[in-house]
Amino acid sequence: MAGLITRRHLLMRGSAALSGALLAHSANPVLAEEAFDPTAGRELVFDEVFAMLDPGVWHAGPKATTYDSGFYGRSAFARIEGEEGFQPYAIVDDGDTGNGKALQISARYMGRKMNVPNYYGNDLPEFQWISGNIQTARSDGTILMGWRDGYFEARMKFPAHPLSFPAFWLMNGRSILYPKTSVEIDVVEHKGFERDLYGTYLHEWGEPGKHHEGIGVPTPVDITTGYFRYGMLIDRNTCMPCFEREPVLDPKSGNPVIWTIGRSGELDELNDVFWPLITMALRSDVPFPDPLPEEQRETAMRVDYMRVYR
């Protein structure tokens, strides 16, 4: 969908059984009255409630890759100790979460020359931001936590900022050291100025087998006003996006959106897995506010939990 832009654009400038079952569910008025639950029949195998930011699970900093620097957009993603005197990662009290705590990932405009290693924006005033990215992988190819399939879900609260571009996304493990081809599943990407819309995508980068899918998801509420659940059900050969545990529907057919993962056979053959990332980025494809108001020099997203059901 035009205007919903992924990381690589910013940088460069289902299985049949699942499909049949979901289509039958949406078409059958009796079944349609029953609540769909993507966690049904699955066990909770990963439950991160962010009582702390555990470095044994989460690696903070640029995206784990050998393809490029791992940065995108207008901000440098800080290491776990912070950058330039700013610490974007904090566990904060929050009465709207399950355990009264949330992970807050902030972005701050530094407005001065920076010295972040390998960051392209150190000397560019519009790019002198520090923000955060956490992931369960490292650039040496280490996968701290990863899963081939399941229901991946994060409950998050997004900021309403003209540049904010938070995301919850998945990459395949082999993409780190062998980036010629990769599988990227964007559970959610949100532009802060679109209060009732977000994007979800499947990208299979590189040849052979380059393949892209995506859709803008209208929401019945302003998603910058509270926490909402964003999920992706991966069933080996397919993936299906969900909002608040309801399937995202194709506006033309009215059926659940289900995308075929063209490289599923390769993933199985290589025993590959998906590892998650949670990112507070800033867009570089929209005009920079001039002047930048004081109240827009810092913004933040919050995460209640991230879970995997299998």
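**Entry 1: Asp-47 and its partner**

I looked up Asp-47 and found that this residue is partly exposed, with a relative accessible area of 38%. The model I am reading is a predicted one. I then asked which residue forms a salt bridge with Asp-47. The partner is Arg-307, and the closest N and O atoms of the pair are 3.0 Å apart. Arg-307 belongs to strand 17 (residues 298-309) and Asp-47 to strand 1 (residues 44-48), so this salt bridge ties together parts that are 260 residues apart in sequence. I noted the general principle as well: side chains of opposite charge can pair when their charged atoms come close.

**Entry 2: Other salt bridges**

I recorded that the structure holds 20 salt bridges. I looked at two further pairs.

In one of them, Asp-123 is joined to Lys-113, with the closest N and O atoms 2.6 Å apart. Both residues are placed in the loop between strand 5 (101-109) and strand 6 (129-135), so the pair ties together parts that are 10 residues apart in sequence. Is Asp-123 buried or exposed? I found Asp-123 to be exposed, at a relative accessible area of 52%; the class begins over 50%.

The other pair is Arg-155 with Asp-304, whose closest N and O atoms are 2.7 Å apart. This salt bridge links distant parts of the chain, with Arg-155 in strand 7 (residues 150-157) and Asp-304 in strand 17, 149 residues apart. I noted that both Arg-155 and Asp-304 are buried.

I also found a network: Arg-148, Asp-149, Arg-236, Asp-268 and Arg-310 are joined into one through salt bridges that share partners.

**Entry 3: His-203**

I turned to His-203, which is in strand 10 (residues 197-205). Its relative accessibility is 4%, so I counted His-203 as buried. Which side chain does the side chain of His-203 touch in a polar contact? I found the side chain of His-212, at 2.7 Å.

**Entry 4: The nonpolar cores**

I asked how many residues the largest nonpolar core has. The count is 74, and the residues with the most contacts inside this core are Met-156, Phe-168, Ile-185, Tyr-230, Ile-278 and Met-306. Strand 16 (residues 274-282) gives the largest share of the core, seven residues.

I followed Met-156 further, leaving aside its neighbours within four places in sequence. Met-156 is in contact with residues including Phe-168, Val-188, Tyr-230, Ile-278 and Met-301. The list of contacts also includes Gly-226, Tyr-227, Phe-228, Arg-302 and Val-303.

Apart from the largest core, I noted another core of seven residues, among them Leu-233, Met-240, Cys-242 and Tyr-309.

**Entry 5: Backbone details**

I looked for cis peptide bonds. The bond from Glu-207 to Pro-208 is cis, with omega near 0 degrees, and Pro-208 sits in the loop between strand 10 and strand 11 (211-218). The bond from Asp-290 to Pro-291 is cis, with omega near 0 degrees. Pro-291 is placed in the loop between strand 16 and strand 17.

I next looked up positive phi angles. Glu-84 is not a glycine, yet has a positive phi of about 55 degrees. I located Glu-84 in the loop between strand 3 (75-78) and strand 4 (89-93). Glu-84 is partly exposed, at a relative accessible area of 22%.

Arg-245 is not a glycine either, and has a positive phi of about 65 degrees. Its place is in the loop between strand 13 (238-243) and strand 14 (246-247). Is Arg-245 buried or exposed? With a relative accessible area of 16%, Arg-245 is buried, since the class covers values under 20%.

**Entry 6: The largest pocket**

I ended with the largest pocket, whose volume is about 210 Å³. How many residues line the largest pocket? I found 13, of which Gly-216, Val-217, Pro-218, Val-248 and Leu-249 lie nearest its centre. I then asked which strand gives the largest share of the lining. Strand 11 does, with five residues. Strand 11 and strand 14 each supply at least two residues of the lining.

Technical notes:
Residues numbered from 1 in each chain as written. Predicted model: local features only at pLDDT ≥ 70, side-chain atom pairs only at ≥ 80, totals over all residues. Heavy atoms only, no water. Salt bridge = Lys/Arg side-chain N within 4 Å of Asp/Glu carboxyl O. Helix = DSSP H or I, 4+ residues; strand = E, 2+ residues; numbered from the N terminus. Buried < 20%, exposed > 50% of the residue type's maximum accessible area, 1.4 Å probe, protein only. Polar contact = N/O pair within 3.5 Å; in protein donor to acceptor, adjacent residues only side chain to side chain. Core = buried A, V, L, I, M, F, W, Y, C linked by side-chain atoms within 4.5 Å. Contact = heavy atoms within 4.5 Å. 1 Å grid on protein atoms, 1.4 Å probe; cavity = no way out; pocket = protein on both sides within 12 Å on 5 of 7 lines; lining within 4 Å. Points joined across faces, edges and corners; volume = space filled by probe spheres on them.
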